[in-house]
2 protein chains.
Amino acid sequence: MVNVGKRSGRPRAGEERLSREAILTAALRIVDDEGIDALTMRRLAATLQVNPMSLYHHLPNKAAVLAGLAELVFAGLELPDPGDAVPWDEQLKEAARAYRNGLRQHPNLALQVLSDTSAVSDVVVVTMEPFYLALDRAGLSPRQIFEAANTLIDFIHGFSLGEASVRAQTFELAPDLLTRVRALPADKAPTLTRIVDGLGVEGLAYDFDDGFESGLSTLTAGIAATARRR
Amino acid sequence: MVNVGKRSGRPRAGEERLSREAILTAALRIVDDEGIDALTMRRLAATLQVNPMSLYHHLPNKAAVLAGLAELVFAGLELPDPGDAVPWDEQLKEAARAYRNGLRQHPNLALQVLSDTSAVSDVVVVTMEPFYLALDRAGLSPRQIFEAANTLIDFIHGFSLGEASVRAQTFELAPDLLTRVRALPADKAPTLTRIVDGLGVEGLAYDFDDGFESGLSTLTAGIAATARRR
DNA sequence: ACCTGAACACCGTTCAAGT
DNA sequence: ACCTGAACACCGTTCAAGT
């Protein structure tokens with residue numbers, strides 16, 4: 001056997017050591033494959049072929065594992081910078097799309113990620129640059145930029161939450177909505193009933209991509225109005 | 001002792017029986033007082049002075065308890081109808097404010113509520129009427145109403161999630177953001193740094209009420225633009 | 001420094017038995 | 001029909017002991 005030296009090259013099987021990174025990677029795999037409930041310290045240790053207690057030398061507790069996962073997801077976000085070649089609102093939409101796509105990579109983690117304030121504020125800070133850039137070009141005041149960015153992020157979070165929840169289960173959004181609305185007493189929600197019923201299954205056909213684009217258009221239109229009002 | 005009859009008036013102590021409603025009420029109290037993690041079947045049974053297994057005669061499992069809680073929260077929503085006395089956008093904002101306030105009543109449950117698709121779709125159906133009403137008055141097409149309502153709800157959900165997460169922990173948003181941004185390498189996020197740094201602690205002072213109103217204004221402005229474009 | 005085994009104080013839930 | 005006790009198969013984490 002070659003490479004018997006202490007530290008050169010890929011560590012031999014017996015030499016592999018536990019590390020925070022290795023633990024988090026294994027944890028992410030479990031969550032992606034089997035959902036957040038499948039992630040237990042004991043299970044995680046088992047997949048790493050290690051005693052459960054060994055984990056505690058690298059991460060203080062399970063909460064830290066979850067926080068670490070949220071961090072991982074945000075670190076995986078790659079927000080492109082289309083630059084000034086494109087109008088500010090398209091630039092803003094691109095940033096939003098990239099952010100949503102990042103969150104979509106790990107749907108089973110969406111809830112954890114979106115509710116982990118420290119993870120959010122930690123990396124949101126960096127991922128927000130493209131948003132600020134585009135909003136600055138739109139001609140907003142600093143305060144308006146701050147508020148518009150928050151609003152946009154909130155929309156993306158809410159949208160992503162819904163998307164992740166629906167994907168976790170599997171049901172058809174449109175027929176379900178239609179059924180529920182039709183089950184309502186006639187006078188309970190007249191406008192809702194008229195609109196939804198009028199749209200029908202095909203009119204309600206809900207595509208998450210379209211829904212997201214629709215939201216982005218509404219928001220950029222609203223932001224444009226704010227800019228004019230400055 | 002008066003009132004010894006079988007069913008009239010308040011049931012006597014010995015007569016009280018377990019019921020789905022009683023269980024959920026007790027569960028809600030635990031979650032409100034001590035957080036979602038404090039809710040265990042055994043703990044719940046203890047506060048009801050009952051054997052843990054008794055609960056299973058009224059609810060199939062713990063997931064059903066959580067789903068029931070989400071349902072409770074939505075059922076507690078009261079969306080006022082300001083009627084036509086007010087312009088459509090103010091009517092829409094009122095519906096949004098009421099919805100947010102409903103979600104705020106039980107911050108420890110926000111995550112559960114917002115990610116419980118069946119609870120959401122179940123009662124959202126009813127609570128959406130005021131939104132549809134206002135959007136209809138705005139002159140949108142049925143499809144536009146559907147999409148605008150979804151966008152608005154997504155924003156409220158994302159906003160509420162952030163609000164609940166921040167309240168659960170206790171830290172100051174503005175100084176925290178400022179600290180994080182100042183810790184960034186100078187060229188990492190130039191626009192973000194310039195804007196946030198320029199605003200300073202007082203400029204960043206974040207009030208959730210103001211943030212919500214700002215989002216609502218942006219969204220209604222965007223919706224108004226959509227209506228014009230019809 | 002890193003890993004382990006045994007143990008503690010919990011979980012949710014099944015099942016057979018009580019009334 | 002409703003409730004219970006004992007039991008099963010798990011949890012996260014502490015602690016003292018190993019190397």
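These are my notebook entries on two DNA strands, a few residues and the domains in a predicted model.

**Ground rules**

I number residues from 1 along each chain as its sequence is written, and I letter chains from A and number ligands from 1 in the order in which they are written. Local features need pLDDT of at least 70, side-chain atom pairs count only at pLDDT 80 or more, and totals for chains, interfaces and linings use all residues, while side-chain values use heavy atoms, with hydrogens and water left out.

**Entry: DNA strand C**

I started by asking which residues come nearest to DNA strand C. Of the 15 around it, they are A:Ser54, A:His57, A:His58, B:Arg42 and B:Met53; a residue counts as near if one of its heavy atoms lies within 4 Å of the strand. Of the strand C atoms within 4 Å of the protein, 44% belong to sugar or phosphate and the rest to bases.

I then went through polar contacts (a pair of N or O atoms within 3.5 Å; within protein, one must be able to donate a hydrogen and the other to accept it, and residues adjacent in sequence count only if both atoms are side-chain atoms). B:Arg42 puts a polar side-chain atom 2.4 Å from a base nitrogen of strand C. For A:His57, I read 3.1 Å between a side-chain N or O atom and a base nitrogen of this strand. A:Asn51 uses a backbone N or O atom instead, 2.9 Å from a phosphate oxygen of strand C.

By class I get 6 nonpolar, 6 polar and 3 charged residues near strand C. Here Ala, Val, Leu, Ile, Met, Phe, Trp, Tyr, Cys and Pro are nonpolar, Asp, Glu, Lys and Arg are charged, and the others, Gly among them, are polar.

**Entry: DNA strand D**

Around DNA strand D I find 15 residues, with A:Arg42, A:Met53, A:Tyr56, B:Ser54 and B:His57 coming nearest. Sugar or phosphate accounts for 45% of the strand D atoms within 4 Å of the protein, and bases for the rest. A polar side-chain atom of A:Arg42 sits 2.4 Å from a base nitrogen of strand D. Two phosphate readings went down next: 2.8 Å from a side-chain N or O atom of A:Tyr56, and 3.0 Å from a backbone N or O atom of A:Lys62.

**Entry: Gln49 and His106**

Is A:Gln49 buried or exposed? I have it as exposed, at 74% relative accessibility (buried is under 20% relative accessible area, exposed over 50%, partly exposed in between; 1.4 Å probe, protein chains only). A:Gln49 lies in the loop between helix 2 (41-47) and helix 3 (62-75) of chain A; helices are DSSP runs (H or I, at least four residues; strands are E, at least two), numbered from the N terminus. A:Gln49 has a positive phi of about 55° without being a glycine. Most residues other than glycine have a negative phi.

A:His106 is buried at 17%, in the loop between helix 4 (88-104) and helix 5 (110-115) of chain A. Leaving out residues up to four places away in sequence, A:His106 touches A:Leu28, A:Asp32 and A:Val73 (contact means heavy atoms within 4.5 Å).

**Entry: domains and records**

Chain A splits into domain 1 (20-59) and domain 2 (77-172 + 207-228), with bounds from an automatic or database assignment. Their C-alpha centres lie 31 Å apart. An unreviewed UniProt entry lists residues 40-59 of chain A as "DNA-binding region"; I computed that span as 35% helix and 0% strand.

Methods. UniProt positions renumbered as here; feature names shortened; annotations may be inferred.
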